[in-house]
Amino acid sequence: MALFRFTRKTDRGAQRTACLADAMGPPAIADQTWLFVSPHDDDVCIGAGLFMQAAMQEGVNVEVLIVTDGCMGYCQLEDRDQIVEIRHREAYRSYQVLGIPRDRVRYIGYPDGGLIPLIGRRRARADEESIAGYVGLQNALTYHLRTIRPARVYVPTRTDLHPDHRITHSELMISVFHAAGAIWPELGEPLAEPPRVGELAVYCDFEDLPNLEIIGDDAAFQAKLDSILAFQSQVQIDRLVESVRHAGPYEYVRESEFRLFTPDTYKLLFASYAAGNGNGNGPGDS
Ligand SMILES: [Zn+2]
């Protein structure tokens, strides 16, 4: 059994523990389903290879949803026509190394580098593959959220430079609300409540400080490195693995808080502005 250390910072302070369930607080995580949404097949191995192992070790059912098909990921011309099949084989192998079986790795399979026309949702043309007659990221993500029904969802941070990462992040955030709403009933039974969402660091820093640190032992770290190394069609993979190895067995998660608008947030603030501004009657009243 691999050993981990977790430090999670909350409003009440920071807590270091060897137990992920303790770090996450209630409700209990054993038997929960957590969904890791990966813009490209290798992203969540890089950003959460330790975290996913730790979660499974404590009884979490980890599911992976890969958004793109890897078609632009060829590094040698002779791979170009088979790269999608090659990357699929590599991805299943990679997640197996982490302990995630093939039937828990799903694909949306939209074209790598070609997500812009697939933002949103529209009716499918006669010749298009569809889910319930529609295409688009919000259609697919809402469908998968309602099918997998995760308690928590993790996705690479929107500060990553790759447009596939940025688009996946923003389409997932709105789809979390769609999935818990009544719209589009053909995509499945609405979720009782939106899943909690956390961001993963893959290539770029978070926009704000993360609140969970995961440190893995040698065995867990080696499994993470091996899972990245499974993407052998990527000729730069050895260099990437070397840099991940050099960085050490550390991962970070930033749990997102959706702050829905309510006037209450601002009423007190503006009351305090006015109180600090003489009679509070507005500009020029000093
Ligand atoms: Zn990526």
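Okay, let's start with a hole: the largest pocket in this structure holds about 1,100 Å³ of space. Before I go on, remember that this is a predicted model. How do we find a pocket at all? Rolling a probe the size of a water molecule over the atoms shows where empty space is left.

So who lines the largest pocket? There are 37 lining residues, and Asn211, Arg254, Glu255, Ser256 and Glu257 lie nearest its centre. Helix H5, residues 163–180, is in there, and H5 gives the largest share of the lining, with 5 residues. Other elements that supply at least two residues each include strands E1, E2, E8, E9 and E11, plus helix H1.

Let's step back to the whole chain. We've got 8 helices and 11 strands. The C-alpha trace spans about 75 × 50 × 35 Å along its principal axes. Of the 286 residues, 48% are buried. And here's one I like: take the contacts between residues at least 6 apart in sequence, and 75% of them join residues at least 24 apart.

Now the sheet. In what order do its strands come? It's an open sheet of 9 strands, and you read them across as E2-E1-E10-E11-E9-E8-E3-E4-E5, with mixed pairing. Strand E2 (13–17) and strand E5 (105–110) are at the edges with a single partner strand each, so one side of each has no neighbour in the sheet. On average, neighbouring strands are turned by 20° against each other, if you ignore direction.

Two helices to look for on that sheet. Helix H2 packs on it and touches strands E1, E3, E4, E8, E9, E10 and E11, and the direction of H2 makes about 170° with that of E3. Helix H4, residues 137–148, packs on the sheet too, touching E3, E4, E5 and E8, and its direction makes about 170° with that of E5.

Quick reminder on pairing: strands of a sheet pair through backbone hydrogen bonds, either parallel or antiparallel. We have examples of both here. At the E2 edge, E1 and E2 run antiparallel, joined by 5 bridges. They form a hairpin with 2 residues between them, and one bridge pair to click on is Arg8 with Gln15 in E2.

For parallel, go to strand E8, residues 152–156. E8 pairs with strand E9, residues 196–200, over 5 bridges, and E3 joins E8 through 3 bridges, also in the parallel sense. Tyr154 is a nice residue to find, because you can follow the sheet through it in both directions: Phe36 has Tyr154 as its bridge partner in E8, Tyr154 stands opposite Gly198 in E9, and bridges like these are what DSSP uses to pair strands. Further along, Pro156 has Leu200 in E9 as its bridge partner.

Is E8 buried or exposed? 5 of its 5 residues are buried, so the strand is largely enclosed by the rest of the structure. In a regular strand the side chains alternate between the two faces of the sheet. You can see that here: Arg152, Tyr154 and Pro156 point one way from E8, while Val153 and Val155 point the other way.

Next, the inside. In soluble globular proteins, nonpolar side chains tend to be buried together. The largest nonpolar core has 44 residues here, and Leu20, Trp34, Phe36, Phe51, Met52 and Tyr95 touch the most other members. Which helix gives the most to this core? That's H2, residues 43–57, with 9 residues. Apart from this core lies another one, of 23 residues, with Val67, Val135, Leu141 and Leu145 among them.

Let's zoom in on Tyr95. If you skip its neighbours within four places in sequence, Tyr95 is in contact with a list of residues that includes Ser38, Asp41, Val44, Met52, Ile66 and Val105.

Last bit: backbone oddities. Most residues other than glycine have a negative phi, and most peptide bonds are trans. We have some exceptions to look at. The peptide bond from Pro26 to Pro27 is cis, with omega near 0°, and Pro27 sits in the loop between H1 and E3. Ala132 has a positive phi, near 55°, and its place is the loop between strands E6 and E7. Ala132 is partly exposed, with a relative accessible area of 42%. Trp184 also has a positive phi, of about 55°, and you'll find Trp184 in the loop between H5 and E9.

Notes: Residues are numbered from 1 along each chain as its sequence is written. This is a predicted model: local features need pLDDT of at least 70, side-chain atom pairs count only at pLDDT 80 or more; totals for chains, interfaces and linings use all residues. Side-chain values use heavy atoms; hydrogens and water are left out. A nonpolar core is a set of buried Ala, Val, Leu, Ile, Met, Phe, Trp, Tyr and Cys residues joined through side-chain atoms within 4.5 Å. Buried means under 20% relative accessible area, exposed over 50%, partly exposed in between (1.4 Å probe, protein chains only). Helices (H or I, at least four residues) and strands (E, at least two) are DSSP runs, numbered from the N terminus. Contact means heavy atoms within 4.5 Å. Axes are lines fitted to C-alpha atoms, for helices over the stretch in contact, and angles run from 0 to 180 degrees between N-to-C directions. On a 1 Å grid over the protein atoms alone, a cavity is a set of points where a 1.4 Å probe fits but cannot get out, and a pocket is an open set with protein on both sides within 12 Å along at least five of seven lines; lining residues have an atom within 4 Å of a point. Grid points are joined across faces, edges and corners, and a volume is the space filled by probe spheres set on the points.
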